[in-house]
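Visitor: I am new to this structure and would like to be walked through it. Please begin with whatever terms I will need.

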Amino acid sequence: MKLIIAIVQPHRLEAIKAALAEVEVFRLTVMDVQGFGRQRGQPELYRGLEFTVDLVRKVQLMIGVNDEFVQPTVEAILKAGRSGPSGEIGDGKIFILPLEDCIRIRTGERGGEAI
């Protein structure tokens, strides 16, 4: 089992959800997050004054998958989360972590069956 954490642009969320549904991944957690990477913030206008926003709004997806779903999940996120054919700075990142255990609270099932 793996935990896939993807940090992506908010406007790409619906496309990513559709791409995940195509590869039969229907369970995910979505969180609004802020941060910066190479973008280092962006200038914005507020009441006619320009200022720099240091933290850029992103969306974080957390998806627990069994091993056979790791590659299709990653490819779906890459396909739907990339801006244009070659991508752009700020498209996001995907992290894949080992998932030691998963427990379904309702039934007490553990491991891959709980995912």
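Guide: One term comes up throughout: contact means heavy atoms within 4.5 Å. Angles run from 0 to 180 degrees between N-to-C directions. The model is a predicted one. With these terms, helix α1, residues 13-22, lies across β1, β2 and β5 and runs at about 15° to β5.

Visitor: Which pattern does the chain follow along the sequence?

Guide: The chain holds two helices and six strands. Read along the sequence, these elements give the pattern β-α-β-β-β-β-α-β.

Visitor: In what order do the four strands of the open sheet stand?

Guide: Seven bridges join β1, residues 2-8, to β6, and seven bridges join β1 to β5. Another seven bridges join β2 to β5. The pairing in the sheet is antiparallel, and the order is β2-β5-β1-β6.

Visitor: Which strands are the edge strands of that sheet?

Guide: The sheet is open, with the order β2-β5-β1-β6. An edge strand here pairs on one side only, and the two that do so are β2 (29-35) and β6 (92-98).

Visitor: By what angle are neighbouring strands of this sheet turned against each other on average?

Guide: The strands in question are those of the open sheet β2-β5-β1-β6. With direction ignored, the average turn between neighbours is 20°.

Visitor: What is the bridge partner of Ala-6 in β6?

Guide: Strands β1 and β6 run antiparallel. Lys-2 has Pro-98 as its bridge partner in β6. For Ala-6, the bridge partner in β6 is Ile-94.

Visitor: Which residue in β5 stands opposite Ile-4?

Guide: Strands β1 and β5 also run antiparallel. The bridge partner of Ile-7 in β5 is Gln-60. Opposite Ile-4 in β5 stands Ile-63.

Visitor: Which residue in β5 stands opposite Gln-34?

Guide: Strand β2 is joined to β5 by seven bridges, and the two run antiparallel. Across from Gln-34, the residue in β5 is Arg-57.

Visitor: Why is β5 described as largely enclosed by the rest of the structure?

Guide: A residue counts as buried under 20% relative accessible area. Strand β1 has five buried residues out of seven, so it is largely enclosed by the rest of the structure. Strand β5 is likewise largely enclosed, because the number of its 10 residues that are buried is seven.

Visitor: At about what angle to β1 does helix α2 run?

Guide: Helix α2 covers residues 70-81 and lies across β1, β5 and β6. Its angle to β1 is about 5°.

Visitor: Is Thr-73 buried or exposed?

Guide: Thr-73 is found in helix α2. Leaving out residues up to four places away in sequence, Thr-73 touches Ile-4, Leu-20, Val-25, Ile-63 and Val-65. Its relative accessible area is 0%, so Thr-73 is buried.

Visitor: Is Pro-43 buried or exposed?

Guide: Pro-43 has its place in strand β3, residues 42-46. Apart from neighbours within four places in sequence, Pro-43 is in contact with Glu-50, Phe-51 and Thr-52. The cut-off for exposed is over 50%. With 54% relative accessibility, Pro-43 is therefore exposed.

Visitor: How many Å apart in space are Pro-43 and Val-53, C-alpha to C-alpha?

Guide: In sequence, Pro-43 and Val-53 are 10 residues apart. In space, the C-alpha to C-alpha value is 6.1 Å.

Visitor: What value is phi of Glu-24 near?

Guide: Glu-24 sits in the loop between α1 and β2. At 56% relative accessibility, Glu-24 counts as exposed. Its phi is positive, in a residue other than glycine, and is near 65°.

Visitor: What share of the contacts in the chain with a separation of 6 or more comes from residues 24 or more positions apart?

Guide: The chain has 115 residues, of which 29% count as buried. Its C-alpha trace spans about 55 × 30 × 20 Å along the principal axes. Of the contacts with a separation of 6 or more, the share from residues 24 or more positions apart is 71%.

Visitor: How far apart are the mean positions of the positive and negative charges of the chain?

Guide: The chain carries 15 positive and 16 negative charges. The mean positions of these two sets are apart by 3 Å.

Terms used
Residues are numbered from 1 along each chain as its sequence is written. This is a predicted model: local features need pLDDT of at least 70, side-chain atom pairs count only at pLDDT 80 or more; totals for chains, interfaces and linings use all residues. Side-chain values use heavy atoms; hydrogens and water are left out. Buried means under 20% relative accessible area, exposed over 50%, partly exposed in between (1.4 Å probe, protein chains only). Lys and Arg count as positive and Asp and Glu as negative; His and the chain ends are not counted. The place of a charge is taken as NZ of Lys, CZ of Arg, CG of Asp or CD of Glu. Two strands pair if DSSP finds at least two bridges between them.
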